[in-house]
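Colleague: Could you take a close look at one helix of this model and set out, with the cut-offs you rely on, how it sits against its surroundings?

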Amino acid sequence: MTFTLAILLCVVFSSFAFAKPSETKKTKTHSKTKNVIVFVGDGMGPSAREAVRLATVGMSDNLEMNKMPYTGNMHTSSTSVVTDSAAAGTAMATGVKTYNGAVGVDANQKAVKSVLESAHQIGKATGLVTTSQITDATPAAFGSHVLNRKQQSEIADQYLTKSKVDVLLGGGEDFWYPTGQAGAYPDHPSEDPSEESKGTKGNLVKKAEKLGYKYVTNQKQLLNQSNNKVLGLFANEEMFQQNPEGQGDVYNPSVPLPTMTKKAIDTLSKNKKGFFLMVEEEAIDEMAHFDNANLTIKSGQQLDQSVKVAKDYAKSHPDTLVLVLGDHETGGLTVETDDSTDESGDGLSKEDGPFQVAHSGQKFMIDWTTGGHSAVDVPITAMGKNAHLFEGTYENTYIHDALLKAMGIR
């Protein structure tokens, strides 16, 4: 071997030895993921994601949730062609398809362990965050097992005594207090007189406090607390009012989703073994059920800001995986041109808009085909440790399997 060739080989091997991994599609690692943050835009299909992009950053830029190096495509069916959120959440959380309405149980009504419970068993801290009731279908699928999603007080009790979730932030105070015993949020509020305490398992807030949770009911209390176990309930039911546009529709959570996300990460990250966190923006789905494009977009923008919070954390903690997906599509939403000659329709097919394309003189319309869910595949984006596992096209049950593999549990 010549002296020149020897020098050349030394340089080549040195470049491999000292190369630093970067977050690109070429960077793949099979070591364990320490922290997992899963974002679920409930009802967020591909067209909803595109409508949020156009309204937020325009045609020449991308959302934070899209600026991620790994992409996938997920089928959304339950045991039926068109899923609901309970069965969709169960598929992603447990790796098993089940009937619509089921939470954390298979088609034979047998409880199935969730990825959150698996993370807890190996010592990780766990958290659930949502703008819906904290006991609603999607978070419930990660931390409870009931035959019907309506059993929200039972779900709450299981969070405390079975799955032992460390951080619980969202709405739904009504299911934590028994009938006639209002909490921080009064029964029969003017914005929705039907809301009232309706718990069936006694005073679960007191139970939580006895189990070591710090109970908070507003943003100031949340930000000022430093406990490792937190229960935050910030509304009677959802943290918004879902209605048709102009008919009492309000999206203004008393604690914004990005704020809840950051506090949850700050709290859970104190665990040296890492954490598992699921964050849901429910209003995308709820507003789409009412064909309310304005607030579908607004809530999607809040989800994207929350994703930014997680990405910033992941960039300084490279052992973190961030995953963004929808559980299904809602509304049969389509982005269309702002064309006055196009049919406007009525009822469910009525067009909505126009909406301004950001940084542009152009506008777009949104058209709807249903007030329910559809069977459209949903996009997935991922970054961080083991994000490459989410490339490709697969069933919703694969999310559970890939998350376990990422954390080294399977």
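Modeller: Axes here are lines fitted to C-alpha atoms, for helices over the stretch in contact, and angles run from 0 to 180 degrees between N-to-C directions. Helices (H or I, at least four residues) and strands (E, at least two) are DSSP runs, numbered from the N terminus. This is a predicted model, in which local features need pLDDT of at least 70, side-chain atom pairs count only at pLDDT 80 or more, and totals for chains, interfaces and linings use all residues. Residues are numbered from 1 along each chain as its sequence is written, and side-chain values use heavy atoms, with hydrogens and water left out.

The helix is α2, residues 46–56, whose buried residues (under 20% relative accessible area, 1.4 Å probe, protein chains only) are A48, R49, A51, V52, R53 and L54. These buried residues pack, with contact meaning heavy atoms within 4.5 Å, against α11 (293–316), β8 (320–326), β10 (334–337), β11 (352–356), β12 (363–367) and β14 (378–384).

As for α11, its axis and that of α2 come within 9 Å and cross at roughly 80°, and the two helices are therefore roughly perpendicular (65 to 115 degrees) to each other. On the α2 side A51, V52, A55 and T56 take part, meeting T296, I297, G300 and Q301 of α11. The residues of this contact divide into 4 nonpolar (Ala, Val, Leu, Ile, Met, Phe, Trp, Tyr, Cys and Pro), 4 polar (those neither nonpolar nor charged, Gly among them) and no charged (Asp, Glu, Lys and Arg). After α2 comes G58, which has a positive phi, near 85°.

How values were computed:
Buried < 20%, exposed > 50% of the residue type's maximum accessible area, 1.4 Å probe, protein only. Parallel < 35°, antiparallel > 145°, perpendicular 65-115°, else oblique.
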